[in-house]
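Me: I have this model open on my screen and would like a close look at one part of it, the strand pairing at one edge of a sheet. Could you walk me through that part and then connect it to what lies around it?

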Amino acid sequence: MKKFGIFIIKPDAVNKHDLKIVRNVLDKYGFSKTICFRLKDYCKLMQKYRQADILFKNFQNSEAEIKGCGVALSAYKQLYPSSDGFLMLIPLGKESFKEFYDKANVAKREIRKQIEEDRGYCFAYINYLTNPQLTKMSHKEYNKLKDKDRENINKAYINGVHLEDYECLENNFCLNFMVENGVIAKSNKIDLNKLTHDLQDEQIY
């Protein structure tokens, strides 16, 4: 049985600039052979995915995990309501799950770093627990606020890509979920290179 790993391109990276970063970094790490699918209504599907993911992993501290996911998803709902993302299915070839994941995790971090540095700003919630207000700020401003109030200042990870966790990869959890929910289907298959070419040149945040 052929093994696959999964990258998800979030709605904020669906623009020519960021997709080129994604494509270039993945190519650099040998992930050039990808099969891509449109992930319709990203926020709705990922909320369902995260709920299933937490149950699958049987988190001891599920409250903290739910909060972390909630911060990111609430920001996406505000900034990208009903927007689509994209799923990239990457064949592992002769690599083990660990070999693939270690390399893919480095690629993920590099993609996120390049995207965040090029943007020059991030989004964070001020007083997330009591009166959540999503605010756009520079990385320097965020770091200053976080140093003063680590409890209430929560960064919203609007950072371009998601890589499934190792436990999910090893057990085909994400793959099975995406098949069962109709994402990995012939009708959703797309040519990511063509999509990148057709998109406008400017970043769409």
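Reply:

**The β2-β8 pairing and its surroundings**

Happily! Strand β2, residues 35-39, pairs with β8 through two bridges, and the two strands run in the antiparallel sense. You can find the pairing residue by residue: Cys 36 has Ile 190 of β8 as its bridge partner, while Phe 37 stands opposite Lys 189 of β8. In a regular strand, side chains alternate between the two faces of the sheet.

Before going further, please keep in mind that this is a predicted model. The protein chain has a mean pLDDT of 87, and 91% of its residues reach 70 or more. Among the elements of the chain, the lowest mean pLDDT, 76, belongs to helix α3 (residues 62-79), and the highest, 96, to α4.

Now look at β2 from its other partner. Strand β3, residues 85-91, pairs with β2 over five bridges, again in the antiparallel sense. Here Arg 38 stands opposite Phe 86 of β3. Stepping back, these strands belong to an open sheet of five, ordered β7-β1-β3-β2-β8 with antiparallel pairing. Its edges are β7 (161-163) and β8 (189-190), each of which pairs on one side only.

There is another sheet to compare by eye. It is open and has three strands, in the order β5-β4-β6, with antiparallel pairing. The edge strands in this case are β5 (133-138) and β6 (154-156), each paired on one side only. From one strand to the next, the twist averages 40 degrees. Strand β4, residues 121-126, pairs with β5 in the antiparallel sense over six bridges, and one place to look is Ile 126, whose bridge partner in β5 is Gln 133. Helix α5 (residues 139-148) packs on this sheet and touches β4, β5 and β6; the direction of α5 makes about 120 degrees with that of β5.

Next, the helix pairs. Helix α2 (residues 42-57) and helix α7 (residues 173-180) have axes that come within 11 Å and cross at roughly 140 degrees. That angle is why α2 counts as oblique to α7. The crossing of α2 past α7 is right-handed. On the α2 side, the contact uses Leu 45, Met 46, Lys 48, Tyr 49, Ala 52, Asp 53 and Phe 56, which meet Phe 173, Cys 174, Phe 177 and Met 178 of α7. Sorted by character, the residues of this α2-α7 contact are nine nonpolar, no polar and two charged.

The other pair is helix α1 (residues 16-28) with helix α4 (residues 97-119), whose axes come within 9 Å and cross at roughly 150 degrees. With that crossing angle, α1 is therefore roughly antiparallel to α4. Here too, α1 passes α4 in a right-handed crossing. From α1, the contact is made by His 17, Asp 18, Ile 21, Val 22, Val 25, Leu 26 and Lys 28; from α4, by Ala 107, Glu 110, Ile 111, Gln 114, Ile 115, Asp 118 and Arg 119. The residues of the α1-α4 contact divide into seven nonpolar, two polar and five charged.

To return to your starting point, select Cys 36 together with Ile 190 of β8, then Phe 37 with Lys 189 of β8, and finally Arg 38 with Phe 86 of β3. Those selections take you across β2 to both of its neighbours in the order β3-β2-β8.

Notes. Residues are numbered from 1 along each chain as its sequence is written. This is a predicted model: local features need pLDDT of at least 70, side-chain atom pairs count only at pLDDT 80 or more; totals for chains, interfaces and linings use all residues. Side-chain values use heavy atoms; hydrogens and water are left out. Axes are lines fitted to C-alpha atoms, for helices over the stretch in contact, and angles run from 0 to 180 degrees between N-to-C directions. Helices (H or I, at least four residues) and strands (E, at least two) are DSSP runs, numbered from the N terminus. Angles under 35 degrees count as roughly parallel, over 145 as roughly antiparallel, 65 to 115 as roughly perpendicular and the rest as oblique. A crossing is left-handed if the near helix is turned anticlockwise from the far one by less than a right angle, and right-handed if clockwise. Contact means heavy atoms within 4.5 Å. Ala, Val, Leu, Ile, Met, Phe, Trp, Tyr, Cys and Pro count as nonpolar, Asp, Glu, Lys and Arg as charged, and the others, Gly among them, as polar. Two strands pair if DSSP finds at least two bridges between them. pLDDT is the predictor's confidence in each residue, from 0 to 100.
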